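User: Please take a close look at a single part of this structure. Choose one stretch of strands and turns, go through its pairings, salt bridges and cores, and then place it beside the rest of the chain.

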Amino acid sequence: MSRIVILGAGISGHTAARWLGKWLGNEHEVVVVSPNEKWNWIPSNIWVGVGEMTESQVTFPLAPVYKKLGVVFKQAKALSIHPEGGDAADQPYVTLEYTEVSRAGQTETLTYDYLVNATGPKLNFGATPGLGPDEGYTTSVCTPGHALHANEQLQENIAAMKRGETRTFVVGTGHGMCTCQGAAFEYIYNIEHLFSDEGVRDKARIIWISNEYELGDFGMGGVHIKRGGYITNGKVFAESLMVERGMEWIVRAAVKRIEPGKIHYEILDGSEHTIDFDFAMLIPPFAGQPIKAFAKDGSDMSSELFAPNGFMKVDGDYTPKPYEEWHKSDWPKTYQNPRYKNLFAIGIAFAPPHLISKPMKSANDTPINPAPPRTGLPSANMGKAVAGSIRDMINGAPEPTHTASMAESGAACVASTGMHIFKGSAATMTVFPVVPDYETYPEYGRDIDLTFGEIGLAGHWMKYILHHVFIYQAKLKPGWSLLPD
């Protein structure tokens, strides 16, 4: 019997656990380790952050779901990985610390035959002084709790506008190297839609701030899309949406620090500026979870297993090279660690070999560029591919049998721009591949027939339907395996 340990139960980890539980049955043991009691459909946190959904609508308890498949669930966080074994065991193991209330603080050593790191990101609010809802002056929608707090602050500002006061709202990225512009993009349009519904749009100044070189970059180096029979670029698409809604925007910006009511930022020419705000929702930069790695003799080998940002190295090409030499083959395919063949990392937990967008630095040498997006469909693809490879390796395959390179696969995004069954809308975009491939598609780097964008009410219906479909699937309801990941 083999034991497969999965660290993390987000989109990628939960996908891997679902498929391994289904494929392996009781012949092998699948263990999921997550510090969170509940699963969260993160894309719908946006709607929690504007009061359109409750926390219970975007989360559910994990333990009962895993019980259906015979998957063991441990509510704990990983502290260290020992890929060669060590003092506690001869075979590879991880050390855990329980976060479950009844066992909080207790530690455990858990051996494994295969380990999948799907821990997701550390929300690195500390990278920008004053950023975040806990020790700073801004809000977030990265967790259900953060989204609830954001909505509370939002409603207070709506009440003030109804009293006749004008308010300034700033939404975007809170650091020069953030990713996940899409979440902020959704949120800014949802608050604008809400203000219109509440009759206070004329009292709201709405500003977008981002580290993108141009609007519509989204960490993918920009995109050309087919829309209405014409080909346009993401910059025109995104700018038109903002112009139509009377929004302002600031790009090429690195937020440097935040004080009560003030955001200080630097732009590429090195100049520094300040925005006054009443409400700000800024996405934090991501870092890897603080997990250490140790060799058999107890020496620290974290730098061998993890990149400097804390994400785990896999089968990508991490050789430093100039932008002009970046290649689609740099990107990992199997997500297997090159040294330890029973170790994988998926979703946001794996280390990208480099950016997708062109790297930029200000005149003061401050990096100002989006990090690569790795959420949603790419994460699910990785989870299923790695699950398939582990299944086959248990059954005798000498190496991974499935791939999910971001340079060979696409992504779809349905970004809400206002929730309402008749007046709502969403921007629907697909790209293929995520990492541009100028060898195969020399003109645009992507297959233009599979890369398109539209906005309208139908997109909102699709977004709402997908919310229920993916939660249904994640709960392992009847027929879940027939639904696309």
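Analyst: What follows starts with two hairpins, moves to the salt bridges and cores, and ends with a few other sites.

This is a predicted model, so local features need pLDDT of at least 70 and side-chain atom pairs count only at pLDDT 80 or more, while totals for chains, interfaces and linings use all residues. Residues are numbered from 1 along each chain as its sequence is written, and side-chain values use heavy atoms, with hydrogens and water left out.

Start with strand 12 (residues 224-227) and strand 13 (residues 230-233). Helices and strands here are DSSP runs numbered from the N terminus (H or I with at least four residues for a helix, E with at least two for a strand). Strands 12 and 13 pair in the antiparallel sense over four bridges. Two strands count as paired if DSSP finds at least two bridges between them. Arg227 stands opposite Tyr230 in strand 13. Two residues lie between the strands of this hairpin. Gly228 takes a positive phi near 60° there.

The second hairpin joins strand 16 (residues 262-267) and strand 17 (residues 272-276). This pair is also antiparallel, over five bridges. His264 faces Thr274 of strand 17 across the pairing. Four residues separate the two strands. Gly270 sits in the turn, with a positive phi of about 95°.

Now look at Arg252. Arg252 is found in the loop between strand 14 and strand 15. Its phi is positive, at about 60°, although Arg252 is not a glycine. The side chain of Arg252 meets that of Glu214 in a salt bridge (2.7 Å, N to O). A salt bridge means a side-chain nitrogen of Lys or Arg within 4 Å of a carboxyl oxygen of Asp or Glu. The pair links distant parts of the chain, 38 residues apart. Glu214 belongs to the loop between strand 11 (204-209) and strand 12. Arg252 has a relative accessible area of 26% and is partly exposed. Glu214 is partly exposed too, at 25%. Buried means under 20% relative accessible area, exposed over 50%, and partly exposed in between (1.4 Å probe, protein chains only).

Another bridge joins Arg245 to Glu244 (3.3 Å, N to O). Arg245 is buried, with a relative accessible area of 19%. Glu244 is exposed, at 59%. Elsewhere, bridges with shared partners join Arg18, Lys384 and Asp485 into one network. Arg167 bridges to Glu165, with the closest N and O atoms 2.5 Å apart. Arg167 is buried at 19%, whereas Glu165 is partly exposed at 31%. The structure holds 25 salt bridges.

Next, the cores. A nonpolar core is a set of buried Ala, Val, Leu, Ile, Met, Phe, Trp, Tyr and Cys residues joined through side-chain atoms within 4.5 Å. The largest has 117 residues. Ile4, Ile6, Leu154, Tyr187 and Phe195 have the most contacts inside this core. Its largest share, nine residues, comes from helix 5 (residues 181-197). A second, separate core has 16 residues, among them Ile207, Ile250, Val255 and Ile258.

Leu154 shows the surroundings in the largest core. Beyond neighbours within four places in sequence, Leu154 is in contact (heavy atoms within 4.5 Å) with residues including Tyr187, Ile191, Leu194 and Phe195. Gly49, Val50, Phe169 and Phe279 are also among the contacts of Leu154.

Gln181 lies in helix 5. Gln181 is buried, with a relative accessible area of 1%. With the same neighbours left aside, its contacts include Trp208, Ser210, Asn211 and Glu212. Phe218, Gly219, Thr173 and Pro370 also touch Gln181.

Two backbone sites lie further along the chain. The peptide bond from Phe432 to Pro433 is cis, with omega near -10°. Pro433 lies in the loop between strand 23 (426-431) and strand 24 (452-456). Leu476, in the segment after helix 9, has a positive phi of about 60° although it is not a glycine. Leu476 counts as buried, at 9% relative accessibility.
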